[in-house]
Amino acid sequence: MSAQELAQLATQHGSDKWNGHWYAGPYAMHLESLRQQPISLLEIGIGGYGDPEAGGASLRMWRDYFPNAQIVGLDYYDKSPHAGERIRVYQGSQADPVAIARMLGDYPEGFDVIIDDGSHQNEHVIASLYMLWQYVKSDGWYIVEDLQTSYWPNHGGRISDLNSPQTSMGVLKSLVDALNWEERHQPTYLPSSFDTSLTGMHFYHNLAFLKKGNNREGSTEVKANRIPGI
């Protein structure tokens, strides 16, 4: 029922998360447990390009889906007309550390959910992930939409080198190994922040969900990145 409700809200507010893309099912599956919680949700990309009055559909959809949440939007263009009850709006590039820091000054504790529906330029998607992952709260989610641009050269994607670290999908695929970093037989290996805090990844058509938590379960075979006796 939750997916149907979210699809109805997307249709009501004109968000392309339904009837354009078909994201309601995965969103409802992973975020349903947060619906009544007093969460904070950041969405990068408000929509409508340079028209200040255009866009904002997804912000209003999330406001209604999460009745106790604080909704935050970040966009390259001025989208201040979309600020309102439980919705705050910031202006700046998603790849600009100064703009990100300015916004985080109001949210130093971070966000329960971060959604990248911004420029979809691969370099911007990667920059935002690296800057904002540390500001996802424990048990929270980092979500990247419209990953089809990983294969589009006009967005910095690659036609043939599908594992390129310069594409969004290339970076995300490389993080799968982070889930199992404690199994690496490499004594000098120093874990990254993704290694120790990425606990799950879920991929759908043009959509990825990254789960934040404590990824220090330990290994039954490997100790301190060394297999005893080898």
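**Exercise 1.** In this predicted model, find how many bridges join β2 to β3, and which residue is the bridge partner of D75.

*Solution.* Start with the pair itself: β2 and β3 run parallel and are joined by five bridges. Now look along β3 for the partner of D75, and you will arrive at Q91.

**Exercise 2.** Work out whether strand β2 is enclosed or open, and follow the chain into it from β1.

*Solution.* Take residues 70–75, which form β2. A residue counts as buried when its relative accessible area is under 20%. Five of the six residues in β2 are buried, so the strand is largely enclosed by the rest of the structure. Next, trace the path: the chain leaves β1, passes through α3 and reaches β2 in a right-handed β-α-β crossover. β1 and β2 are parallel, with five bridges between them, and I44 has L74 in β2 as its bridge partner.

**Exercise 3.** Place β1 and β4 in the sheet, and name the edge strands.

*Solution.* Read the order of this open, seven-stranded sheet with mixed pairing: β3-β2-β1-β4-β5-β7-β6. Its edges are β3 (87–91) and β6 (198–204), each of which pairs on one side only. On average, neighbouring strands here are turned by 15 degrees against each other, direction ignored. Then zoom in on β1 (residues 40–44) and β4 (residues 111–116), a parallel pair with four bridges. Here L42 stands opposite I114 in β4.

**Exercise 4.** Is Y49 buried or exposed, and which patch does it help to make?

*Solution.* Go to the loop between β1 and α3 (57–65), where Y49 sits. The relative accessibility of Y49 is 67%, so this residue counts as exposed. Together with Y76 and Y77, Y49 makes a nonpolar surface patch of about 410 Å².

Notes
Residues numbered from 1 in each chain as written. Predicted model: local features only at pLDDT ≥ 70, side-chain atom pairs only at ≥ 80, totals over all residues. Heavy atoms only, no water. Pairing = 2+ DSSP bridges. Helix = DSSP H or I, 4+ residues; strand = E, 2+ residues; numbered from the N terminus. Axes fitted to C-alpha atoms, helices over the stretch in contact; angles between N-to-C directions. Patch = residues over 30% accessible without salt bridge, like charges linked within 9 Å, V, L, I, M, F, W, Y side chains within 5 Å. Areas by Shrake-Rupley, 256 points an atom, 1.4 Å probe, with all protein chains shown as cover. Salt bridge = Lys/Arg side-chain N within 4 Å of Asp/Glu carboxyl O. Buried < 20%, exposed > 50% of the residue type's maximum accessible area, 1.4 Å probe, protein only. Right-handed = clockwise from strand over helix to strand, strands pointing away.
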